[in-house]
Amino acid sequence: MVEFSLDLNEDQRDLRDWVHGFASGVVRPAAAEWDAREETPWPVVQEAAKIGLYGFEFLANCWADPTGLSLPIASEELFWGDAGIGLAIFGTSLAVAAIYGSGTPEQLVEWVPQCFGTVDEPAVGAFCSTEPEAGSDVAAMRTRARYDEATDEWVLTGQKAYATNGGIAAVHVVTASVDPALGSRGQAVFVVPPGTPGLTATKKLRKLGLRASHTADVFLDEVRVPGRCLLGGRDALRERLDRARSGQRGKSQAAMRTFELSRPTVGAQAIGVARAAYEYALAYAQERVQFGRPIIENQGIAFALADMRTEIDAARLLVWRAAWMGRNNRPFAAGEGSMSKLKAGEVAVSVTEKAVQILGGAGYLRDHPVERWYRDAKIYTIFEGTSEIQRLVIARAISGRQLR
(Lines give C-alpha, C1' and ligand atoms only; values in the text may rest on other atoms or scores of the structure.)
Protein backbone atom coordinates (compact mmCIF):
# COMPACT_ATOMS: atom_id res chain seq x y z
CA MET A 1 0.00 0.00 0.00
CA VAL A 2 1.34 3.45 -0.93
CA GLU A 3 2.00 5.64 2.07
CA PHE A 4 0.22 8.98 2.13
CA SER A 5 2.31 11.91 3.28
CA LEU A 6 2.24 15.69 3.06
CA ASP A 7 5.93 15.93 3.90
CA LEU A 8 8.14 17.41 1.21
CA ASN A 9 10.92 15.15 0.04
CA GLU A 10 14.57 16.11 0.36
CA ASP A 11 14.84 17.55 -3.15
CA GLN A 12 11.77 19.70 -2.60
CA ARG A 13 13.06 20.98 0.73
CA ASP A 14 16.42 21.80 -0.84
CA LEU A 15 14.66 23.64 -3.67
CA ARG A 16 12.51 25.60 -1.22
CA ASP A 17 15.50 26.63 0.88
CA TRP A 18 17.62 27.52 -2.16
CA VAL A 19 14.99 29.78 -3.73
CA HIS A 20 14.13 31.29 -0.36
CA GLY A 21 17.78 32.15 0.15
CA PHE A 22 17.88 33.99 -3.19
CA ALA A 23 14.59 35.74 -2.42
CA SER A 24 15.81 36.79 1.02
CA GLY A 25 19.33 37.79 0.08
CA VAL A 26 18.88 39.27 -3.40
CA VAL A 27 15.24 39.92 -4.26
CA ARG A 28 13.78 41.44 -1.11
CA PRO A 29 16.62 43.96 -0.52
CA ALA A 30 16.15 45.23 -4.10
CA ALA A 31 12.35 45.23 -4.11
CA ALA A 32 11.60 48.78 -2.96
CA GLU A 33 14.13 50.32 -5.38
CA TRP A 34 12.80 48.58 -8.49
CA ASP A 35 9.19 49.16 -7.45
CA ALA A 36 9.93 52.89 -7.23
CA ARG A 37 11.91 52.92 -10.50
CA GLU A 38 9.18 50.94 -12.30
CA GLU A 39 11.82 49.32 -14.49
CA THR A 40 12.74 45.76 -15.38
CA PRO A 41 15.40 44.65 -12.84
CA TRP A 42 17.86 43.24 -15.36
CA PRO A 43 20.69 42.91 -12.81
CA VAL A 44 18.49 40.70 -10.62
CA VAL A 45 17.36 38.64 -13.63
CA GLN A 46 21.01 38.13 -14.50
CA GLU A 47 21.82 37.05 -10.95
CA ALA A 48 18.98 34.51 -11.18
CA ALA A 49 20.42 33.27 -14.48
CA LYS A 50 23.90 32.92 -12.98
CA ILE A 51 22.73 30.60 -10.24
CA GLY A 52 20.44 28.61 -12.55
CA LEU A 53 17.13 29.95 -11.29
CA TYR A 54 16.33 31.63 -14.61
CA GLY A 55 16.41 29.32 -17.61
CA PHE A 56 14.71 26.38 -19.28
CA GLU A 57 16.77 23.81 -17.42
CA PHE A 58 15.31 25.05 -14.14
CA LEU A 59 11.74 24.80 -15.46
CA ALA A 60 12.43 21.36 -16.93
CA ASN A 61 13.81 20.11 -13.63
CA CYS A 62 10.75 21.42 -11.82
CA TRP A 63 8.45 19.77 -14.36
CA ALA A 64 10.30 16.48 -13.91
CA ASP A 65 9.02 16.32 -10.33
CA PRO A 66 6.24 13.68 -10.56
CA THR A 67 4.34 15.32 -7.71
CA GLY A 68 4.03 18.59 -9.63
CA LEU A 69 4.96 20.57 -6.51
CA SER A 70 8.40 21.89 -7.38
CA LEU A 71 7.30 24.86 -9.47
CA PRO A 72 4.63 26.02 -6.97
CA ILE A 73 7.17 25.68 -4.15
CA ALA A 74 9.74 27.76 -6.03
CA SER A 75 7.12 30.31 -7.06
CA GLU A 76 5.86 30.82 -3.53
CA GLU A 77 9.38 31.43 -2.21
CA LEU A 78 10.43 33.78 -5.02
CA PHE A 79 7.26 35.86 -4.80
CA TRP A 80 7.62 35.95 -1.02
CA GLY A 81 10.68 38.03 -1.87
CA ASP A 82 8.81 40.38 -4.21
CA ALA A 83 6.07 39.89 -6.77
CA GLY A 84 7.27 42.49 -9.26
CA ILE A 85 10.79 41.10 -9.43
CA GLY A 86 9.38 37.58 -9.25
CA LEU A 87 7.31 38.19 -12.36
CA ALA A 88 10.29 39.77 -14.11
CA ILE A 89 12.08 36.46 -13.52
CA PHE A 90 9.21 34.00 -14.00
CA GLY A 91 7.12 35.97 -16.55
CA THR A 92 8.94 34.22 -19.39
CA SER A 93 7.53 30.91 -18.18
CA LEU A 94 4.10 31.83 -19.57
CA ALA A 95 5.53 32.06 -23.08
CA VAL A 96 7.36 28.78 -22.46
CA ALA A 97 4.12 27.17 -21.26
CA ALA A 98 2.43 28.25 -24.50
CA ILE A 99 5.21 26.75 -26.60
CA TYR A 100 5.16 23.59 -24.51
CA GLY A 101 1.36 23.32 -24.61
CA SER A 102 0.93 23.83 -28.36
CA GLY A 103 4.31 23.23 -30.00
CA THR A 104 6.22 20.23 -31.30
CA PRO A 105 9.42 18.96 -29.63
CA GLU A 106 11.40 20.57 -32.44
CA GLN A 107 9.74 23.93 -31.82
CA LEU A 108 10.40 23.62 -28.12
CA VAL A 109 14.10 23.09 -28.78
CA GLU A 110 14.26 25.98 -31.26
CA TRP A 111 12.34 28.70 -29.47
CA VAL A 112 12.55 28.16 -25.72
CA PRO A 113 16.30 28.85 -25.38
CA GLN A 114 15.79 32.12 -27.27
CA CYS A 115 13.17 33.15 -24.70
CA PHE A 116 15.85 33.09 -21.99
CA GLY A 117 18.95 34.27 -23.84
CA THR A 118 22.27 33.58 -22.13
CA VAL A 119 23.72 34.12 -18.68
CA ASP A 120 25.76 37.06 -19.96
CA GLU A 121 22.85 38.51 -21.95
CA PRO A 122 19.56 37.26 -20.50
CA ALA A 123 16.41 37.74 -22.55
CA VAL A 124 12.71 37.40 -21.78
CA GLY A 125 9.70 35.94 -23.54
CA ALA A 126 6.16 37.31 -23.84
CA PHE A 127 2.81 35.55 -24.19
CA CYS A 128 0.36 37.84 -25.98
CA SER A 129 -3.28 36.77 -25.71
CA THR A 130 -5.42 39.46 -24.06
CA GLU A 131 -6.91 42.15 -26.31
CA PRO A 132 -8.81 45.41 -25.64
CA GLU A 133 -12.10 43.66 -26.52
CA ALA A 134 -11.06 40.11 -25.65
CA GLY A 135 -9.89 39.69 -22.08
CA SER A 136 -12.08 37.25 -20.21
CA ASP A 137 -13.98 36.71 -23.48
CA VAL A 138 -11.22 34.85 -25.30
CA ALA A 139 -13.56 33.93 -28.16
CA ALA A 140 -13.86 37.63 -29.12
CA MET A 141 -10.25 37.74 -30.30
CA ARG A 142 -9.73 40.07 -33.26
CA THR A 143 -6.08 39.41 -34.08
CA ARG A 144 -6.01 37.56 -37.40
CA ALA A 145 -3.58 35.17 -39.01
CA ARG A 146 -3.67 34.34 -42.72
CA TYR A 147 -1.41 31.98 -44.58
CA ASP A 148 0.54 33.18 -47.62
CA GLU A 149 1.00 30.04 -49.71
CA ALA A 150 3.44 31.71 -52.11
CA THR A 151 6.00 32.51 -49.41
CA ASP A 152 5.10 29.89 -46.77
CA GLU A 153 4.50 32.67 -44.24
CA TRP A 154 1.81 33.53 -41.75
CA VAL A 155 0.73 37.16 -41.66
CA LEU A 156 -0.44 38.47 -38.26
CA THR A 157 -2.46 41.63 -37.76
CA GLY A 158 -4.01 42.93 -34.55
CA GLN A 159 -3.44 44.36 -31.09
CA LYS A 160 -2.61 42.69 -27.78
CA ALA A 161 -3.09 44.32 -24.39
CA TYR A 162 -1.34 44.02 -21.02
CA ALA A 163 1.39 41.69 -22.29
CA THR A 164 4.01 40.83 -19.69
CA ASN A 165 7.38 41.62 -21.32
CA GLY A 166 5.55 42.93 -24.39
CA GLY A 167 7.90 44.81 -26.68
CA ILE A 168 11.07 44.00 -24.74
CA ALA A 169 10.85 40.23 -25.29
CA ALA A 170 13.20 38.36 -27.58
CA VAL A 171 10.37 35.96 -28.46
CA HIS A 172 6.69 36.90 -28.56
CA VAL A 173 4.16 34.07 -28.52
CA VAL A 174 0.92 35.35 -30.05
CA THR A 175 -2.57 33.87 -30.22
CA ALA A 176 -4.56 34.71 -33.33
CA SER A 177 -7.74 33.67 -35.10
CA VAL A 178 -7.28 31.62 -38.26
CA ASP A 179 -11.01 31.03 -38.81
CA PRO A 180 -13.11 33.66 -36.97
CA ALA A 181 -16.33 31.79 -37.76
CA LEU A 182 -15.24 29.03 -35.36
CA GLY A 183 -14.77 31.39 -32.42
CA SER A 184 -12.22 30.14 -29.90
CA ARG A 185 -11.86 26.83 -31.76
CA GLY A 186 -10.55 28.67 -34.79
CA GLN A 187 -7.52 30.09 -32.99
CA ALA A 188 -3.85 29.13 -33.18
CA VAL A 189 -0.58 30.13 -31.54
CA PHE A 190 2.42 31.62 -33.33
CA VAL A 191 5.99 32.48 -32.43
CA VAL A 192 7.24 35.88 -33.53
CA PRO A 193 11.06 35.60 -33.70
CA PRO A 194 13.42 38.31 -32.45
CA GLY A 195 13.61 41.40 -34.62
CA THR A 196 10.59 40.60 -36.79
CA PRO A 197 9.40 43.77 -38.62
CA GLY A 198 5.89 45.03 -37.90
CA LEU A 199 5.75 44.21 -34.18
CA THR A 200 5.77 47.32 -32.00
CA ALA A 201 4.74 48.12 -28.45
CA THR A 202 3.69 51.01 -26.26
CA LYS A 203 5.87 52.33 -23.50
CA LYS A 204 5.76 50.37 -20.26
CA LEU A 205 2.31 50.72 -18.74
CA ARG A 206 2.21 52.25 -15.26
CA LYS A 207 0.47 49.91 -12.84
CA LEU A 208 -0.90 49.78 -9.29
CA GLY A 209 1.45 46.92 -8.40
CA LEU A 210 4.03 44.56 -9.91
CA ARG A 211 5.86 47.69 -10.98
CA ALA A 212 9.19 45.96 -11.57
CA SER A 213 7.54 43.74 -14.18
CA HIS A 214 7.28 45.16 -17.69
CA THR A 215 3.75 45.34 -19.13
CA ALA A 216 2.85 46.88 -22.50
CA ASP A 217 0.36 46.76 -25.36
CA VAL A 218 1.67 45.06 -28.50
CA PHE A 219 0.71 45.94 -32.09
CA LEU A 220 1.08 43.60 -35.05
CA ASP A 221 0.98 45.29 -38.45
CA GLU A 222 1.21 42.71 -41.22
CA VAL A 223 3.81 40.80 -39.24
CA ARG A 224 5.21 38.01 -41.40
CA VAL A 225 6.62 34.90 -39.75
CA PRO A 226 7.88 31.68 -41.38
CA GLY A 227 5.46 28.79 -41.65
CA ARG A 228 7.39 26.85 -39.01
CA CYS A 229 6.34 29.52 -36.48
CA LEU A 230 2.84 28.05 -36.26
CA LEU A 231 3.01 26.03 -33.05
CA GLY A 232 1.99 22.45 -33.67
CA GLY A 233 2.30 22.75 -37.46
CA ARG A 234 -0.18 23.11 -40.31
CA ASP A 235 -1.28 19.47 -40.38
CA ALA A 236 -2.35 19.55 -36.73
CA LEU A 237 -4.12 22.88 -37.24
CA ARG A 238 -5.93 21.61 -40.33
CA GLU A 239 -7.16 18.52 -38.48
CA ARG A 240 -8.34 20.61 -35.54
CA LEU A 241 -10.21 23.06 -37.77
CA ASP A 242 -11.84 20.20 -39.71
CA ARG A 243 -13.08 18.67 -36.45
CA ALA A 244 -14.50 22.01 -35.36
CA ARG A 245 -16.23 22.57 -38.70
CA SER A 246 -17.80 19.12 -38.55
CA GLY A 247 -19.15 19.83 -35.08
CA GLN A 248 -16.94 17.36 -33.26
CA ARG A 249 -16.06 18.08 -29.67
CA GLY A 250 -12.53 19.45 -29.39
CA LYS A 251 -9.94 20.29 -26.81
CA SER A 252 -9.87 23.68 -25.12
CA GLN A 253 -8.51 26.56 -27.18
CA ALA A 254 -4.81 27.33 -27.25
CA ALA A 255 -4.89 30.26 -24.83
CA MET A 256 -6.94 28.30 -22.32
CA ARG A 257 -4.52 25.34 -22.46
CA THR A 258 -1.73 27.70 -21.46
CA PHE A 259 -3.77 29.14 -18.59
CA GLU A 260 -4.72 25.66 -17.37
CA LEU A 261 -1.03 24.77 -17.14
CA SER A 262 -0.16 27.96 -15.30
CA ARG A 263 -3.04 28.64 -12.90
CA PRO A 264 -1.75 26.61 -9.92
CA THR A 265 1.64 28.28 -10.30
CA VAL A 266 0.01 31.71 -10.38
CA GLY A 267 -1.88 30.72 -7.25
CA ALA A 268 1.44 29.85 -5.60
CA GLN A 269 2.73 33.33 -6.47
CA ALA A 270 -0.26 34.86 -4.69
CA ILE A 271 0.40 32.68 -1.65
CA GLY A 272 3.97 33.95 -1.54
CA VAL A 273 2.73 37.54 -1.40
CA ALA A 274 0.16 36.68 1.27
CA ARG A 275 2.70 34.79 3.37
CA ALA A 276 5.14 37.68 3.24
CA ALA A 277 2.46 40.05 4.54
CA TYR A 278 1.30 37.62 7.23
CA GLU A 279 4.82 37.01 8.56
CA TYR A 280 5.59 40.72 8.65
CA ALA A 281 2.32 41.54 10.43
CA LEU A 282 2.89 38.72 12.94
CA ALA A 283 6.37 40.01 13.81
CA TYR A 284 5.08 43.58 14.07
CA ALA A 285 2.21 42.57 16.35
CA GLN A 286 4.61 40.79 18.68
CA GLU A 287 6.81 43.89 19.00
CA ARG A 288 4.32 46.77 18.84
CA VAL A 289 3.25 47.85 22.33
CA GLN A 290 0.00 49.68 23.01
CA PHE A 291 -1.70 50.16 26.36
CA GLY A 292 1.25 48.50 28.04
CA ARG A 293 1.32 45.21 26.14
CA PRO A 294 2.10 43.81 22.67
CA ILE A 295 -0.89 44.23 20.39
CA ILE A 296 -0.88 40.49 19.60
CA GLU A 297 -2.30 39.97 23.09
CA ASN A 298 -5.52 41.60 21.91
CA GLN A 299 -7.96 39.07 20.52
CA GLY A 300 -8.87 41.34 17.63
CA ILE A 301 -5.29 41.18 16.38
CA ALA A 302 -4.55 37.58 17.35
CA PHE A 303 -7.74 36.27 15.71
CA ALA A 304 -7.01 38.21 12.52
CA LEU A 305 -3.57 36.62 12.35
CA ALA A 306 -5.08 33.20 13.03
CA ASP A 307 -7.48 33.68 10.12
CA MET A 308 -4.65 34.86 7.88
CA ARG A 309 -2.55 31.78 8.58
CA THR A 310 -5.52 29.43 8.16
CA GLU A 311 -6.49 30.91 4.81
CA ILE A 312 -2.92 30.79 3.50
CA ASP A 313 -2.54 27.13 4.42
CA ALA A 314 -5.94 26.26 2.90
CA ALA A 315 -5.06 28.03 -0.34
CA ARG A 316 -1.71 26.27 -0.53
CA LEU A 317 -3.35 22.87 -0.24
CA LEU A 318 -5.68 23.73 -3.14
CA VAL A 319 -2.69 24.85 -5.21
CA TRP A 320 -0.72 21.71 -4.43
CA ARG A 321 -3.68 19.49 -5.29
CA ALA A 322 -4.20 21.24 -8.63
CA ALA A 323 -0.47 21.13 -9.42
CA TRP A 324 -0.37 17.40 -8.67
CA MET A 325 -3.46 16.78 -10.81
CA GLY A 326 -2.08 18.77 -13.72
CA ARG A 327 1.30 17.03 -13.62
CA ASN A 328 -0.35 13.60 -13.51
CA ASN A 329 -2.92 14.33 -16.23
CA ARG A 330 -5.87 14.13 -13.87
CA PRO A 331 -8.88 15.99 -15.30
CA PHE A 332 -10.07 19.10 -13.48
CA ALA A 333 -13.57 17.66 -13.23
CA ALA A 334 -14.67 20.25 -10.69
CA GLY A 335 -12.51 23.10 -11.94
CA GLU A 336 -9.75 22.35 -9.44
CA GLY A 337 -7.20 24.48 -11.31
CA SER A 338 -9.54 27.45 -11.18
CA MET A 339 -10.33 26.73 -7.55
CA SER A 340 -6.66 27.03 -6.66
CA LYS A 341 -6.14 30.32 -8.46
CA LEU A 342 -9.45 31.78 -7.21
CA LYS A 343 -8.78 30.95 -3.58
CA ALA A 344 -5.14 32.03 -3.62
CA GLY A 345 -5.91 35.36 -5.29
CA GLU A 346 -8.73 36.19 -2.91
CA VAL A 347 -6.58 35.19 0.07
CA ALA A 348 -3.71 37.39 -1.10
CA VAL A 349 -5.98 40.44 -1.23
CA SER A 350 -7.59 39.67 2.13
CA VAL A 351 -4.36 38.88 3.97
CA THR A 352 -2.43 41.90 2.69
CA GLU A 353 -5.35 44.18 3.57
CA LYS A 354 -5.38 42.76 7.10
CA ALA A 355 -1.61 43.25 7.35
CA VAL A 356 -1.96 46.94 6.49
CA GLN A 357 -4.73 47.22 9.10
CA ILE A 358 -2.64 45.54 11.80
CA LEU A 359 0.18 48.01 11.21
CA GLY A 360 -2.29 50.87 11.26
CA GLY A 361 -0.91 54.19 10.04
CA ALA A 362 2.54 52.64 9.65
CA GLY A 363 1.10 50.13 7.20
CA TYR A 364 0.02 52.95 4.92
CA LEU A 365 3.58 54.26 4.59
CA ARG A 366 6.25 53.09 2.18
CA ASP A 367 8.56 52.70 5.17
CA HIS A 368 6.99 49.25 5.54
CA PRO A 369 6.60 46.76 2.66
CA VAL A 370 3.02 45.79 3.45
CA GLU A 371 1.64 48.65 1.34
CA ARG A 372 3.57 47.29 -1.66
CA TRP A 373 2.33 43.76 -1.02
CA TYR A 374 -1.21 45.13 -0.76
CA ARG A 375 -0.83 46.79 -4.17
CA ASP A 376 0.77 43.70 -5.69
CA ALA A 377 -1.91 41.32 -4.40
CA LYS A 378 -4.82 42.81 -6.32
CA ILE A 379 -3.64 41.60 -9.72
CA TYR A 380 -4.17 37.99 -8.62
CA THR A 381 -7.94 38.47 -8.75
CA ILE A 382 -7.62 39.88 -12.27
CA PHE A 383 -4.97 38.40 -14.58
CA GLU A 384 -4.96 34.91 -16.06
CA GLY A 385 -8.70 34.84 -15.50
CA THR A 386 -10.55 37.13 -13.11
CA SER A 387 -12.10 35.73 -9.94
CA GLU A 388 -15.45 35.92 -11.70
CA ILE A 389 -14.17 33.83 -14.60
CA GLN A 390 -12.70 31.27 -12.20
CA ARG A 391 -16.10 30.97 -10.53
CA LEU A 392 -17.70 30.55 -13.95
CA VAL A 393 -15.28 27.72 -14.84
CA ILE A 394 -15.98 25.99 -11.53
CA ALA A 395 -19.73 26.46 -11.85
CA ARG A 396 -19.75 25.02 -15.37
CA ALA A 397 -17.68 22.05 -14.21
CA ILE A 398 -19.89 21.14 -11.26
CA SER A 399 -23.21 21.84 -12.98
CA GLY A 400 -22.48 20.47 -16.43
CA ARG A 401 -24.20 23.53 -17.88
CA GLN A 402 -22.84 26.22 -20.19
CA LEU A 403 -23.47 29.07 -17.78
CA ARG A 404 -22.80 32.66 -18.86
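Select helix H11 (residues 336-359) and helix H13 (residues 387-399): the two pack at an angle of about 150 degrees, with axes 9 Å apart. Axes here are lines fitted to C-alpha atoms over the stretch in contact, and angles run from 0 to 180 degrees between N-to-C directions. Helices (H or I, at least four residues) and strands (E, at least two) are DSSP runs, numbered from the N terminus.

This is a predicted model, where local features need pLDDT of at least 70 and side-chain atom pairs count only at pLDDT 80 or more, while totals for chains, interfaces and linings use all residues. Residues are numbered from 1 along each chain as its sequence is written, and side-chain values use heavy atoms, leaving out hydrogens and water.

Stay on the helix pair. Show Ser338, Met339, Lys341, Leu342 and Glu346 of H11 against Ser387, Gln390, Arg391, Val393 and Ile394 of H13; these make the contact (heavy atoms within 4.5 Å).

Next, select Asn165, in the loop between strand E3 (153-164) and strand E4 (171-177). Is Asn165 buried or exposed? Asn165 counts as buried (under 20% relative accessible area, 1.4 Å probe, protein chains only), because its relative accessibility is 1%. Leaving aside neighbours within four places in sequence, its contacts include Gly91, Val124, His172 and His214.

Now the largest nonpolar core, a set of buried Ala, Val, Leu, Ile, Met, Phe, Trp, Tyr and Cys residues joined through side-chain atoms within 4.5 Å. Of its 107 residues, Leu78, Ile89, Ile99, Val173 and Ile358 touch the most other members. Helix H9 (residues 254-287) gives the largest share, twelve residues.

Finish at Val173. Beyond neighbours within four places in sequence, Val173 is in contact with residues including Ile99, Phe127, Phe190 and Leu231.

Notes. Buried means under 20% relative accessible area, exposed over 50%, partly exposed in between (1.4 Å probe, protein chains only).
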